[in-house]
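Okay, thanks everyone. I'd like to walk you through one structure today, so let me get it up on the screen.

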Amino acid sequence: MRGTGTIYKRCGCRNPHTGRQLGSLCPNLPRRGHGSWYLAMPRQAAVDDRRSRLRRGGYRTRADAERVLRRLQDHDRVREGGLLTTGQWLQRWYVIVEPHLRPSTARGYRQHLEQYLVPLLGRELLCELTNDTVQLAFSAIVRRHQSMGRPVSAGTLRRVQATLRAALNLAVRSGLLATNPARHLDLPRAPRPHLVVWTDNRVAEWRRTGERPPVAVWTPVQTAEFLAFASDHRLYALYHLYALRGLRRGEGAGLRWSDFDSSGHTLTVTRQLQQGENGRLEVCPVKTRAGERTIALDRSTIHVLNAHRNQQKEERLAAGIDWNESDYIFTDTYGRPLRPDYIGHVFQNMVRKSGLPPVRLHDLRHGAANLALTGGSDLKVFQAQLGHSTIMTTADTYTSVLPETAHLSAEATARVVIDAARKLSRGIRYQSTPRRRRAKGRQGVSLKSGMRSSA
């Protein structure tokens, strides 16, 4: 019966003939201080644990065991579903939230549950979960990866913590926990990757050692070289958009011809394509509300998209009855929408064949922001172009100083000082009243002569 339980005493003494523990049959149990007190009560069995009884032991006195039993009975009595293990709760939480998640987010949550959280914390009672228990679990993750020779990154630990924190936040809101034990953990900080530009020196070092920075962008010349190399590819227009307008991968895959206004020179982004649980493509909303945006297009991009439309018409004629009618701008040769991972795979192949230093497809988004900055665009303008909700995200994450911009800034700074020095050498003095300014022509005193006369 739910809410019931028993208290008993046992010890670790063994039968001298069989070697088995005597447990609760030890004749010395009535003696004070011999053995420990235990409790047992029924509970729901976890998916990976068919035991239907909960056991706790090692208490010094009967009163200690009774106190723990009453607490567990109270929790079992007032909570729907009885005494849940952490594994049971995590599975229940995932079923609740999964329909509301983007496919990529759902995959990440499921991977964290299966690979880390359920194996390490699944048998722990949810009501007994503590900050120390969770901290030990994350320390075990670090040790496991070190033993395999693949150290886990700080970013991975933070993402796993975010998954557990989200699950336990719902437990707090449901009254199953008083506080979230995953909220305050001592984890290494995940430094934000420093965005670097593929300068000539960095390219030479990469060719010599093979080492590459985590996040890097091409210079304008390198971007132009890639676009020239890819100009004959049937998906050139897609990579042209990525490089110049900074679309996200799924946003480019989800574009439709109804989003393209050739006469108005605009492209409207309202959705994205992602791959679901079984690999199927799913139409999802953009990453943030600010991601729903209308992007201005230059004349060259308008020409590229119109050329791509003509190419798609030829492919439709060639496919005949096998053509899949859709409104997608970028498709395969049979009119089917492109998978985002396929778009990234094709891009990496082209980068390798071009001989240019390596960048990720998402790095073209960083590069587009830097190109806009170099071209003199206002920060607020390409914040809207990239679809960021705050200007700080644009400034802190997606902009770095290209060499050309840095040199122009250095020259402008030096010019201020040089111009000031020239004014001093000509003996120009700034007066505070109109009368003195009129008298300046009569005085005509240079800085050096003024110093002599005062001496």
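**Core first, then helices and sheet**

So, let's start in the middle: the largest nonpolar core has 44 residues, and the members that touch the most others are Trp 218, Phe 226, Tyr 239, Phe 330 and Phe 347. Keep in mind that this is a predicted model.

Where does that core come from? At least two residues each are supplied by helix 6 (200–209), helix 7 (220–230), helix 8, strand 8 (266–269), helix 10 (299–319) and helix 11. Helix 8 gives the largest share, with seven residues. And, as you all know, nonpolar side chains tend to be buried together in soluble globular proteins.

Now pick out Phe 347. Ignoring neighbours within four places in sequence, Phe 347 contacts Trp 218, Phe 226 and Tyr 239, and also Val 359, Arg 360, Leu 361 and Leu 364. There's a second core too, lying apart from the largest one: that other core has 32 residues, including Ala 106, Leu 113, Ile 141 and Ala 171.

Okay, on to a helix pair. Helix 8 covers residues 236–245 and helix 11 covers 340–354, and they pack at about 85° with their axes 12 Å apart. An angle of 65 to 115 degrees counts as roughly perpendicular, so helix 8 and helix 11 are roughly perpendicular to each other. Which residues meet there? From helix 8 you have Leu 238, Tyr 239 and Tyr 242, and facing them from helix 11 are Ile 343, Val 346, Phe 347 and Met 350. By class, that contact is seven nonpolar residues, with no polar and no charged ones. Notice two names coming back: Tyr 239 and Phe 347 are both on the list of core residues touching the most other members.

Next, the sheet. It's an open one with three strands, in the order 7-8-11, and the pairing is antiparallel. Strand 7 (260–261) and strand 11 (293–296) are the edges, each pairing on one side only. How many bridges join strand 8 to strand 11? Four, with the two strands running antiparallel. If you want one to look at, Leu 267 has Ile 295 in strand 11 as its bridge partner.

Last, let's zoom out. The protein has 17 helices and 11 strands. Of its 455 residues, 40% are buried. And if you take contacts between residues at least 6 apart in sequence, 61% of them join residues at least 24 apart.

Conventions. Residues numbered from 1 in each chain as written. Predicted model: local features only at pLDDT ≥ 70, side-chain atom pairs only at ≥ 80, totals over all residues. Heavy atoms only, no water. Axes fitted to C-alpha atoms, helices over the stretch in contact; angles between N-to-C directions. Parallel < 35°, antiparallel > 145°, perpendicular 65-115°, else oblique. Contact = heavy atoms within 4.5 Å. Nonpolar A, V, L, I, M, F, W, Y, C, P; charged D, E, K, R; others polar. Core = buried A, V, L, I, M, F, W, Y, C linked by side-chain atoms within 4.5 Å. Buried < 20%, exposed > 50% of the residue type's maximum accessible area, 1.4 Å probe, protein only. Pairing = 2+ DSSP bridges.
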